[in-house]
Amino acid sequence: MNLKTAHIKNFKCYKGSFKIDFSQGVNIIVGNNETGKSTILEAIHLALSGVLKGHYLRNELSQYLFNNEVVESFLSNLKNGKNPELPCIHIELFFDGHTTSDYAKLQGDNNSMKTEAVGVSFKVEYDESFNDEYEALLAEKNELQTLPIEFYKITWKSFARDSSITTRSIPIKSVLIDSSNQRYKNGSDVYISRIIKNNLNLKEKAGVSQAFRQVKESFMSNPSIEAINKQVKKNSHISTNKNIEISVDLSTQNAWETTLMTYLDNVPFHQIGKGEQCIIKTNLSLSHKKSEKADLILLEEPENHLTHSKLNEFIKSVTNNCKNKQIIISTHSSFVANKLGLENLILLSKSKVGRKKTYINELPSDTQNYFKKLSGYDTLRFILCKKAILVEGDSDELVVQKAYMDMHDGCLPIENRIDVISVRSLAFKRFLDIAKIIKHPVAIVTDNDRKFKEKIIDKYEDYEGVESIKIFADEREELNTLEPQIVDANKKQLDILRKALGIKKSRYNSEKSIVKYMVSHKTDTALKLFETAEEIKYPRYLEKVIKWCDDE
Amino acid sequence: MTNNKLIIAAAGSGKTTLIIKEALNIDKSEKVLITTYTIENEKEIRSKILRERKSIPANITIQTWFSFLMQHGVKPYQGSMNDMLFENDIKGMLLSNEKSAPKFDERGRPLFIRGGGRQYYGEKDFKEFYFTSNWRIFSDKISKFVIGCNEKTKGKIFTRLSKIYSTIYIDEVQDLAGFDFEIIKMLFKSNINITLVGDPRQVTYATNHYRKYPKYKNGKIKEFVNSELGKRIGCTTDESSLKKSHRNNQKICDYSSRLYPDFEKIEPCECVNCRKTTTHDGIFVVRENDVAEYLETFNSTQLRYSKATKVDIAYDVCNFGEVKGKTINRVIIYPTSDIKKWIKSNDAELKDGTKARFYVALTRAKYSVAIVYNYSDNEEINGVEKWK
């Protein structure tokens, strides 16, 4: 019992139709800012609960729910005398597992795939019963500035076209945990109340409301309240036979959830730290035991309020308790992604053509494991940049950056979304495994270590022919690392090199001695080269890397 | 093996009570549907459960036959039936009391065929055949639509249904006709346990007028079950569990049984609680002029064939068709002229519909049935007593 696919159309940043698949356990959505990660979580939660940002959307429709471009094109078409169709938001959720009665009830062909499926369809659409009003509006003005949202309605149906569905009839319960922190008017947190309520069975729920009612009733029968009421009655001059008194509001159905507050060690829940709030909410929803309902936990960027060690604790509880629960998590944190498993990654990206998603579920298992153990690696930085250059250490990182700047008017590679990442050379292949699957452009800059065949040709033969992967190294084995390579590239202008390094010709008069100096002051020389104004020459293989950066 | 059952019941024999008792005994994890043709009976079932249980258990759904067909038969796969129905919602149902979808000319005048009958749309005109212009489906074609859609989807409708319900009860099954029989057949074939309960004598409605299985109209469900199911679909017929009336006394049972001499005679039950007597029990004829006095004395509920009959509005009044399933202490019946003929001589032929309605009216009363009938002083009327 889980969410298999979401179809999102015209909702917020999604122009036109967007489809995304989810697997049963953990799903990690990553992507740059503005690629629509949070919107996916919001859309799923909306179609499962009717709730957006803590409020029932039914009463709070607005034009801003719609994709801006879609609205603009509608308005401009209208202005140009065309008869455009009013835009419609459509969120469809396809479920997996249709063996139980509750699921079968949602089964039918009312979906955009026009096939038999189990799921729900949530639409914000034009309400045809306003035809007269809409026509009158258009007759009066021949153009509109905004979408006529007052003529819109929400249509929430199962794939069997049953419009009487409610959160209760949908067998997947969702909890959205984000940092927006929605509260009831008394300050009690909407989500925490809901999560706690979800944990109770019917009998327990009835028990709570009963207890709440009794407290109110005993308030009413308290002698001092009775006395006050007598007083009120005596002093007020209203018509005979009518009784006036003060009382507590017993009218609302679920009064207790909006009135009761959750405390943690005597501190109101919303007053505790946000990081702690996030952990508690998540743990509560993970501990949810009701077996008849499947749970879907939607987590938005949990790293936001958590320190590294808290994050670790958080991930641990997610991985330990996520059995039989589906989790969709959006994150910017490589640590979160590595720990929860890169194989669960869904990468969102945006291009001129539209939005795209890539799944990394075919990652070799030893590579998955590698990143789980060594979760400090910046996998997401690697995935999210336009092109990545992997280098072997700090000094290579500095020199490559400097080479790039020299050829790009002082512009850092990162400013063009080219990320130079320093990793241990043992990890190169692990990153290449990821790049191979997502066809991510990556260059490796590496030393030959005097064993060109073994260290370069043999080591990377698995990636030969993979277009997005390029290996840059020099085959001259005597120039085994970066330092002799630089000296070699500058052998005709050793003075300039010496100047850049701040060393004297008298002490370092041969190429060999400069190499020796550089090797023994590795980081130092790299820093000096990075900061120098001298025109240093770079080894051929480095120049090629920089050229590769500019390839389309 | 699934359990398919047809229970033939006498009026007042407690068939709804039996259904409810069985349904409430089914394990809470299994979903149960109780469906019946009329809204009145659906309400009756609901309130009977509420009297027993305070609340309707979550695993039990009660809905009318049409609402059931719309929700689980028409809507889930309407798109697969016809592409137009992906785009257009079916906006409910239009109750059609006669054959639906007649043709009209451009000026809205009915079109006729050469022999003089009306022209109708056929299945080739999909939209017009099944729907009104604003996409309401004709009630007489719902079950045909469901069967058609099930064939198109290679059985998906009943496969889906069998995942939802483990047991389905159909009360007042005698009201079903035409393609409804085909639906019953499909239900029998599925792995849902089906129980049909009905009284073939009480056919006061017919769900559809479509000419399918004409042999079995007017309540011949038993004959249908016996001859149309084939060997692989099993259904047991039970005519004994519900043959005694808990409502009517001996005299009322005897008199009402005269309407259906081919059926086994209905006998009153022997329960002590059901067999209370009063000073005025049995079947009586009352002259029109004495009706006012009679009503004042006994406060009987007036039953009439249709609204057109004049009654005394100071007392309760119901149409024959509305009282099915109800128990009333005393009734007074305003007979139609055909019924009067039958009262005079029980050999007189009564139309099926009239007979069924009259039968329903007769079998409502616990103690006394009065029939407004201007008898002459020396007239011998079989089976009834003269009042005054």
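**Close-up 1. Surroundings of A:Ser317 in helix 10 of chain A****.** In this predicted model, A:Ser317 touches A:Asn283 and A:Leu286, when residues up to four places away in sequence are not counted. The residue belongs to helix 10 of chain A, which covers residues 308–321. With a relative accessible area of 16%, A:Ser317 is buried, because buried means under 20% relative accessible area. A:Thr282 stands 35 residues apart from A:Ser317 along the chain, and the C-alpha atoms of these two residues are separated by 8.8 Å.

**Close-up 2. The hairpin of strand 15 and strand 16 of chain A****.** Strand 15, made of residues 345–350, and strand 16, made of residues 355–359, pair in the antiparallel sense over 5 bridges in chain A. A viewer who wishes to follow the pairing residue by residue may start from A:Ser349, whose bridge partner in strand 16 of chain A is A:Lys356. Between the strands of this hairpin there are 4 residues, and A:Gly354 takes a positive phi near 150 degrees.

**Close-up 3. An open parallel sheet of chain A****.** The sheet is formed by 4 strands of chain A, which follow one another in the order 18-17-19-20 with parallel pairing. Strand 18 (418–422) and strand 20 (469–472) of chain A stand at the edges, and each has a single partner strand, so one side of each is left without a neighbour in the sheet. On average, and with direction ignored, neighbouring strands of this sheet are turned by 20 degrees against each other. Towards one of these edges, strand 19 (residues 442–445) of chain A pairs with strand 20 of chain A in the parallel sense over 4 bridges, and within this pairing A:Val445 has A:Phe472 of strand 20 as its bridge partner.

**Close-up 4. Helices packed on the sheet of chain A****.** Helix 14 of chain A, residues 394–407, packs on the sheet by touching strand 17 (387–391) and strand 18 of chain A, and its direction makes about 160 degrees with that of strand 18 of chain A. Helix 21 of chain A, residues 540–550, also packs on the sheet, where it touches strand 17, strand 18, strand 19 and strand 20 of chain A. The direction of helix 21 makes about 160 degrees with that of strand 17 of chain A.

**Close-up 5. B:Glu182 in helix 9 of chain B****.** Helix 9 of chain B, residues 179–189, contains B:Glu182, which counts as buried at 13% relative accessibility. Its side chain is joined to that of B:Tyr213 by a polar contact of 2.6 Å. Leaving aside residues up to four places away in sequence, B:Glu182 touches B:Ile147, B:Lys212 and B:Tyr213.

**Close-up 6. The interface of chain B and chain A****.** The contact takes 17 residues from chain B and 18 residues from chain A, and the area buried between the two chains is about 1500 Å², of which carbon and sulfur atoms give 43%. In chain B, the residues that lose the most area to chain A are B:Phe86, B:Arg160 and B:Lys163, together accounting for 36% of what that side buries. Across the interface there are 3 salt bridges and 13 residue pairs in polar contact, with both residues at pLDDT 80 or more. B:Asp89 forms a salt bridge with A:Lys157, in which the closest N and O atoms are 3.1 Å apart. The elements giving two or more residues to the side of chain B that touches chain A are helix 4 (78–81), helix 5 (84–87) and helix 8 (156–164) of chain B, and helix 8 of chain B gives the most, with 4 residues.

Definitions and conventions:
Residues are numbered from 1 along each chain as its sequence is written. Chains are lettered from A and ligands numbered from 1 in the order in which they are written. This is a predicted model: local features need pLDDT of at least 70, side-chain atom pairs count only at pLDDT 80 or more; totals for chains, interfaces and linings use all residues. Side-chain values use heavy atoms; hydrogens and water are left out. Two strands pair if DSSP finds at least two bridges between them. Axes are lines fitted to C-alpha atoms, for helices over the stretch in contact, and angles run from 0 to 180 degrees between N-to-C directions. Contact means heavy atoms within 4.5 Å. Buried means under 20% relative accessible area, exposed over 50%, partly exposed in between (1.4 Å probe, protein chains only). A polar contact is a pair of N or O atoms within 3.5 Å; within protein, one must be able to donate a hydrogen and the other to accept it, and residues adjacent in sequence count only if both atoms are side-chain atoms. Buried area is the accessible area (1.4 Å probe) that two parts lose on being put together, summed over both. A salt bridge is a side-chain nitrogen of Lys or Arg within 4 Å of a carboxyl oxygen of Asp or Glu.
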